[in-house]
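Okay, thanks for coming, everyone. Let me put today's structure up on the screen, and then I'll walk you through it.

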Amino acid sequence: QVQLVESGGGLVQAGGSLRLSCAASGRTFSSLTMAWFRQAPGKAREFVAAIPWNSVNTNYADSVKGRFSISRDNAKNTVYLQMNSLKPEDTADYYCAARVGGVNYYGEAVFGSWGQGTHVTVSS
C-alpha cells in the first residue's frame with residue numbers, strides 16, 4: 001500500500017555527518033507514522049527514530065539521542081534522518097518504515113511498509 005525508497009547512504013569518517021532521505025508514495029503521506037530502523041551484520045534489526053503524522057513528538061533510541069534528528073516534509077512526501085557525530089558502531093543498513101495511523105510502540109512488527117535499505121559505513 002505504501003512504497004518507500006531510501007537514499008543518502010555512503011561512507012563517512014567518524015565524527016562526520018550524513019543525511020538519509022525516504023520518499024513515500026501510494027498513500028497520503030500526512031496520515032503515516034514514519035520511522036527509521038537499522039541492522040548491522042549478524043545483529044537484529046534495531047529501532048532508531050520515529051515521527052508521527054502530525055510531527056508533534058518524536059522518539060529516539062538511547063544510542064542515537066542527541067546525535068540523530070528525524071524530520072518530515074509532508075509537501076514532498078519525504079522523511080529525513082540527519083545523523084551527526086557519527087561513530088563506527090553506527091555502521092549498518094538503514095531502513096525506512098511506515099504505518100497508517102499511530103503506534104503503540106516502536107517495534108518492527110507494527111510497521112507494515114518497508115524500504116529497500118541504504119547502507120552507512122562509518123570509518124575510524
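So, the surface: the protein exposes about 6100 Å², and 47% of that comes from carbon and sulfur atoms. Keep in mind, by the way, that what you're looking at is a predicted model. What about the inside? Of the 124 residues in the protein, 43% are buried.

Now, the overall build. How many helices and how many strands does the protein have? Zero helices, and 11 strands. If you read along the sequence, you just get β-β-β-β-β-β-β-β-β-β-β. The radius of gyration is 13 Å, close to the 14 Å that the globule rule gives for 124 residues, so the protein is as compact as a globular protein of that length. And if you'd like a box to picture, the C-alpha atoms fill one of roughly 40 × 25 × 25 Å, taken along the principal axes.

A quick word on contacts. Take the ones between residues at least 6 apart in sequence: 58% of those join residues at least 24 apart.

Okay, let's zoom in on a sheet. Four strands make up an open sheet here, and the order across it is β1-β3-β8-β7, with antiparallel pairing. Which strands stand at the edges? That's β1, residues 3-7, and β7, residues 68-73. Each of them has a single partner strand, so one side of each is left without a neighbour in the sheet. On average, neighbouring strands in this sheet are turned by 15 degrees against each other, if you ignore direction.

Let's stay with β1 for a second. Its partner β3 covers residues 18-25, the two run antiparallel, and five bridges join them. If you want a spot to find on the screen, glutamine 3 stands opposite serine 25 in β3.

And β3 brings me to the disulfide. Searching the whole structure turns up one. Which cysteines form it? Cysteine 22 and cysteine 96, with their sulfur atoms 2.1 Å apart. The angle about the S-S bond is -85 degrees, and the link is left-handed. Cysteine 22 sits in β3 and cysteine 96 in β9, which is residues 92-100, so the pair ties together parts that are 74 residues apart in sequence.

Last thing: are these two cysteines buried or exposed? Buried means under 20% relative accessible area. Cysteine 22 is at 0%, so it counts as buried, and cysteine 96 is buried too, with a relative accessible area of 0%.

That's my tour, thanks for listening.

Definitions and conventions: Residues numbered from 1 in each chain as written. Predicted model: local features only at pLDDT ≥ 70, side-chain atom pairs only at ≥ 80, totals over all residues. Heavy atoms only, no water. Pairing = 2+ DSSP bridges. Axes fitted to C-alpha atoms, helices over the stretch in contact; angles between N-to-C directions. Disulfide = S-S within 2.5 Å. Buried < 20%, exposed > 50% of the residue type's maximum accessible area, 1.4 Å probe, protein only. Rg over C-alpha atoms; globule rule 2.2 N^0.38 Å. Contact = heavy atoms within 4.5 Å. Areas by Shrake-Rupley, 256 points an atom, 1.4 Å probe, with all protein chains shown as cover.
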